[in-house]
Every structure is written in C-alpha cells, then in structure tokens.
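Reader: Hello! I am new to this structure and would like a close look at a single part of it. Could you walk me through it step by step?

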Amino acid sequence: MKKIERSGLFMKENLHLFQCPVCKQNFTDVVGTSVVCVENHQFDLSKKGTLHLLLKGGQNEYDKKMLSSRKKLAETGFFQPMLDVVKKQLEGRNITALLDVGCGEGSHLHYLQNQGVSGTKIGFDISKDAIQLAASHYFDDAFWCVADLAHSPFAGEQFDAILNILSPSHYEEFGRLLKKGGVVVKVVPDADYLIELRQKLFMLEEEKQSYENEPVIKRFEQAYPNYLHEHVRYEVSLTAEVYRWLLEMTPLTWGADEGKRLELLAEPLPSITVAMSVLVGIK
Ligand SMILES: C[S@@+](CC[C@H](N)C(=O)[O-])C[C@H]1O[C@@H](n2cnc3c(N)ncnc32)[C@H](O)[C@@H]1O
Ligand SMILES: [Zn+2]
C-alpha cells in the first residue's frame, strides 16, 4: 500500500486526535486522501503521507542542509543518553497517544519507537522540510504533520504525553491537549551545553559562553509547580566529520560570518559537552 493510502487509514482511525486549525471543530471524515471538518475545510495528504495543517507558510531558518546534518549527528547516538532519560520518564505510564512538539527531522521519535515506547505517535513541526525528511526516513515510526504550535490542529484532552525537546513551548496549549494525569517532558540546554564550541565562537563575549536556562525553567515551574528536574551530562568524542555536522546543525553558528565558520572548521574539537535539563510536569 502507498504511503498516502496508509496515512489515509491512519487518519480514519485517529480523527479524534485532531481538530481543524481553521474553525477548531472536529474533523469528520477522510474523503479519498483529504481530511474534512464539520465546516467542510479540507486538508490534503501529501504523496509522502504527511499532512499539512499550516494556515500560512511556516518555513524558518532550519534549512535542508542543517536538518540533514542534525539527522546524521543524531544517528551517531549524540542525543541518546538524553533520550534514555526521556524514555525512563515515559516508562510505566499508560501511553496511548504521544505528541512530539517541534519534532524536527524525526530522529527522537524514531529512537523512542525503536526503544519500545508505547502509543500512537504524532510528530509535528512548523518546518515542511523537517517533516518531509522525517516521513522519508521514519515513516513507520510516527504520523508526521506540518503544523504550528500557536494554531495547533490537535484535539483537546487526547494525549497522554507531550515531548518538547529543544523546541518552543506553549503551556496553555499543552494543558488543553493533555489528558488529566498526562505528562509533559521538556528538554532544555544547561549552561554548559556545547560549552567548548561556545567558547570558540564567543571568545570575546564571555556572557554568551554559557546558556541561561533559568527563565525557561521558571516558566515551566509556573505551569507545573511540582515538576521533576533531572540533569543529563556527558562528553561526546568527535571525528572531524561529526564535528562538521555539529557545526552545521546547531543554531549557535547561524550568526557567525564565513570567516569564523572556516576558522571553526579548520580546528575540529576532539570532544564536546552535552548538558541538558529534562523537566517533567504532570497535568
Ligand atoms: C532546535 S529544533 C529541535 C528539533 C527537535 N526537537 C530536535 O531536538 O532535534 C526546534 C524545532 O522547533 C520547530 N518550531 C519552531 N517554532 C515552532 C512552532 N510554532 N510550531 C511547531 N514547531 C516549531 C522548528 O522548526 C525546529 O524544528
Ligand atoms: Zn474547519
């Protein structure tokens, strides 16, 4: 069966997880390869089996090269110790539906699916390129859609778990989407995430050498006062190739001019620190 047909079947079985991003009412039917709502707004599945639920163009700075470098870096296991903590936080919960907010190119859901995390998985991102990449490589691991967290096309109180890994949050929306007792797992960088690279990049701007995550954690605490906080910290050895993927995938280097970029590439780092906070809140 073609991907578009398989996605049509998925939508038929899972219409209850979605809502129309235009009128915010239920989707009622899948007609051919289009999803239709109460007010007859219509959204077409793509050949790759993805669903585009954005109301206006949502491309951002994450271009194809950056996304594919992020995917290659993820395939080396770069994020795995962090994902193992995420997995541990999901274990033992009865998860029938899980939503990955700002899923990027999909490697995290792919890993968690392979690790046996249960439930129907949906990954969404505002970047069409990211979702195309996810659907090309990890089609069987989740249902992939292009959508904006600010106009989220998902139904209320249907999700047991929300993943929010290095991506933007919207706590009011998370509250609407989660079932009572559902869990949000948010991952944010700690102060010395990629510190060796920051030091090279911001040699003369000491204040930029560490990442200030306190305001983000404070906002999480306001939303989930009894939250759980776990730090993950590890060193990753880098080959010159993996170092290049790291440079290409991180938003850190976006502001760097060509000269700085070449300078960074010429002196590969032998290893890098990954330090993150995993925040867990229950509705
Ligand atoms: C640093 S990337 C992280 C991606 C992925 N979670 C990961 O850890 O590899 C942040 C992601 O958030 C997405 N994003 C930003 N604003 C968004 C929004 N309003 N709705 C959905 N996704 C958004 C970006 O397109 C990008 O893919
Ligand atoms: Zn509608």
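Reader: What is the relative accessible area of Leu-166?

Author: Happy to help! This is a predicted model, in which local features need pLDDT of at least 70 and side-chain atom pairs count only at pLDDT 80 or more, while totals for chains, interfaces and linings use all residues. Residues are numbered from 1 along each chain as its sequence is written, chains are lettered from A and ligands numbered from 1 in the order in which they are written, and side-chain values use heavy atoms, with hydrogens and water left out.

Now to your residue. Leu-166 has a relative accessible area of 24%, so it counts as partly exposed (buried is under 20%, exposed is over 50%, and partly exposed lies in between, with a 1.4 Å probe and protein chains only). You will find Leu-166 in the loop between β8 (159–165) and α6 (171–177); helices (H or I, at least four residues) and strands (E, at least two) are DSSP runs, numbered from the N terminus. Its backbone deserves a look too: the phi of Leu-166 is near 55 degrees, a positive value in a residue other than glycine.

Strand β8 ends at residue 165, and that residue takes us to the ligand. A backbone N or O atom of Ile-165 lies 2.8 Å from a nitrogen atom of ligand 1, within the 3.5 Å allowed between N or O atoms in a polar contact. A nitrogen atom of ligand 1 also has a backbone N or O atom of Ile-126 at 3.3 Å. On the side-chain side, an N or O atom of Asp-125 is 2.6 Å from an oxygen atom of ligand 1. The protein covers 89% of the 600 Å² of accessible area that ligand 1 has on its own (Shrake-Rupley method, 1.4 Å probe).

Who else is there? Ligand 1 has 18 residues around it, and those that come nearest are Arg-70, His-108, Asp-125, Asp-148 and Ile-165; a residue belongs to this group if one of its heavy atoms lies within 4 Å. By class, the shell holds nine nonpolar, six polar and three charged residues (Asp, Glu, Lys and Arg count as charged; Ala, Val, Leu, Ile, Met, Phe, Trp, Tyr, Cys and Pro as nonpolar; the others, Gly among them, as polar).

For a comparison with Leu-166, try Asn-40. Asn-40 is in the loop between β2 (34–37) and β3 (42–44), and has a positive phi of about 70 degrees although it is not a glycine. With 58% relative accessibility, Asn-40 counts as exposed.

Notes:
A polar contact is a pair of N or O atoms within 3.5 Å; within protein, one must be able to donate a hydrogen and the other to accept it, and residues adjacent in sequence count only if both atoms are side-chain atoms.
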